[in-house]
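Biologist: Let us go through this model and ask what each label rests on.

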Amino acid sequence: MSASVPVLDILGIGFGPANLSLAIALRETHPGLEARFLEARPSPDWQPGMLLDGSDIQNHPSRDLVTLRNPRSRFSFLNYLHESGRLLRHLNLPGEFPLRKEYAGYIRWAAGHFLNVVDCGQRAASVGTVEQDGEQLYDVVTETGRRYLSRTLVMAPGRTPYVPHPYDEVHSSRVFHLTRYLPQVAALTADRAPEAVAVIGGSQSAVELALDLSRRFPRTRVVTYTRSHSLRLKDTSPFSEEGYFPEFSAYYHAASPASRRKLDAYMQPTNYSSADGDVLKELYLAMYEQELDGEQRLFVRGNHEATAVSADSRSVTIDFREVHTGEQVRDTVDFAVLATGFRNMGPGAHEELHPPMLAPLAPRLATEPDGRLEVGADYRLLPAVPTDALPPLFLNGLCESSHGIGDAGSFSLLSLRAGVLTESLATALAHRTGVAEPMRCAVELGSASAVPAVAV
Ligand SMILES: Cc1cc2nc3c(=O)[nH]c(=O)nc-3n(C[C@H](O)[C@H](O)[C@H](O)COP(=O)(O)OP(=O)(O)OC[C@H]3O[C@@H](n4cnc5c(N)ncnc54)[C@H](O)[C@@H]3O)c2cc1C
């Protein structure tokens, strides 16, 4: 059977921004390597369930798919604006950050140049290894039954949504993670506007959701429940933001587990359980205006922890405990949106030891003392037994626990990471004829004439 399956140099699982950035780096610097990517969606997209009206991105727009690695790449956000004929008007916008809708358009535009190396509608279902002609290969099968063999594997499926207890016990379309927000809201409100909705969490997304729900359904009661005291301002100090520099990733990677925990505690408010000033002010003002009008429909309830959740065909009932007073509170809403974040790699209740798809390979992978995967500086997973001929396996976009906050689920270091991955892949595949000669990028050569040709 395997004889009819061609052997790839590189197989990527997922074609979100992380592996798209890798595909661009490979084409610009190592076009001789044969890479293929599997994408579960019918076409590449960026967080389509959360493209809310008015919401903006959280990263500097030039920390995009390419610019930090190769500022002369054709696939920059600026060039997207230029080719779309919107550059000047975009630069004239009054806001600080681009709209998320426009950035999603940029991702789709860039991905559109790589569709020849992506198989869409193909969700990888299993990952194993197989020996063929004396060579260890990855053997990946998709939900539709397609089989792929590859010399190396790059996992970039995005982080697993975190659904905390007791919400994980309810299997209802009325309790859902924010990644499914737009389609789920459309389905649940096709006939009528909801009377009440609960937003669970205290993140940027939680605030954006509360605002979006109140705009969509002005008469609806929208209550944000969070376990922490209230909604906190994000730490946007430029000093803290240096946690999103590659130097911090290297520093973090070399740190002891105890030091990493301390650094995590410091960096946490730069991205988690906190929100930008603009949306916090907008929500506060809207709540105050409703108070003036004597018709309060937006609420924020801090120090509330859910103890039980149940759902029927029309509503969701959530029991909360006030964390400090012990008071019991029950609320019944049309639906509840979980702005509860994503799973990081680790042994904690809200974490996972490895990406679920790697479960069959997990016993062969080296782990740190607490059980999480040991990840090399170049994002390569190391075999538990050095003599194991495990083919090169890399994580792309899942390495917050090994590389720190800037080097995981965000755009901040995406393009630099793609550069590191590209070089590691090329080195690992150097034994193959014709792939050992990387094309040096224009930045290194310092000459516009040296920009490698991009076959698009
Ligand atoms: C609402 C929201 C807003 C955000 N805004 C920002 C922002 O403004 N700035 C920022 O820097 N970061 C932001 N982020 C963080 C975000 O994670 C990154 O921007 C970026 O999406 C990470 O890219 P990725 O490729 O690692 O993961 P993803 O974007 O999640 O892409 C993973 C891809 O893999 C596919 N996939 C998953 N499993 C499989 C499988 N088994 N087989 C095949 N394909 C699979 C998925 O369909 C998906 O297309 C935001 C996140 C969310 C949820």
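Modeller: This is a predicted model. The centres of domain 1 and domain 3, taken over C-alpha atoms, are 22 Å apart.

Biologist: How many residues of domain 1 are in contact with domain 3, and what makes them count as in contact?

Modeller: Twelve residues of domain 1 are in contact with eleven of domain 3. A pair counts if the C-beta atoms, placed from the backbone, lie within 7 Å. On the domain 1 side that touches domain 3, four residues are nonpolar, five polar and three charged.

Biologist: Where do these domains lie along the chain?

Modeller: The domain assignment puts domain 1 at 2-159 + 344-450, domain 2 at 167-231 + 272-338 and domain 3 at 240-269.

Biologist: Why are helices α1 and α11 called oblique to each other?

Modeller: The axes of α1 (residues 17-29) and α11 (residues 414-428) cross at roughly 55° and come within 8 Å. Roughly parallel needs an angle under 35 degrees, and roughly perpendicular needs 65 to 115. The angle of roughly 55° fits neither, so the pair is oblique. The crossing is right-handed.

Biologist: Which residues of α1 make the contact with α11?

Modeller: On α1 they are P17, A18, S21, L22, A25, L26 and T29, facing a set on α11 that includes L414, A418 and L421. By class, the contact has eight nonpolar, five polar and no charged residues.

Biologist: What surrounds the ligand?

Modeller: A shell of 28 residues, of which G14, G16, P157, G158 and G397 are the closest. Helix α1 and strand β2 (35-39) each supply at least two residues of that shell. The shell has 14 nonpolar, eleven polar and three charged residues.

Conventions. Residues numbered from 1 in each chain as written. Predicted model: local features only at pLDDT ≥ 70, side-chain atom pairs only at ≥ 80, totals over all residues. Domains from an automatic or database assignment. Contact = placed C-beta atoms within 7 Å. Nonpolar A, V, L, I, M, F, W, Y, C, P; charged D, E, K, R; others polar. Axes fitted to C-alpha atoms, helices over the stretch in contact; angles between N-to-C directions. Helix = DSSP H or I, 4+ residues; strand = E, 2+ residues; numbered from the N terminus. Parallel < 35°, antiparallel > 145°, perpendicular 65-115°, else oblique. Left-handed = near helix turned anticlockwise from the far one by under 90°. Near = placed C-beta within 6 Å.
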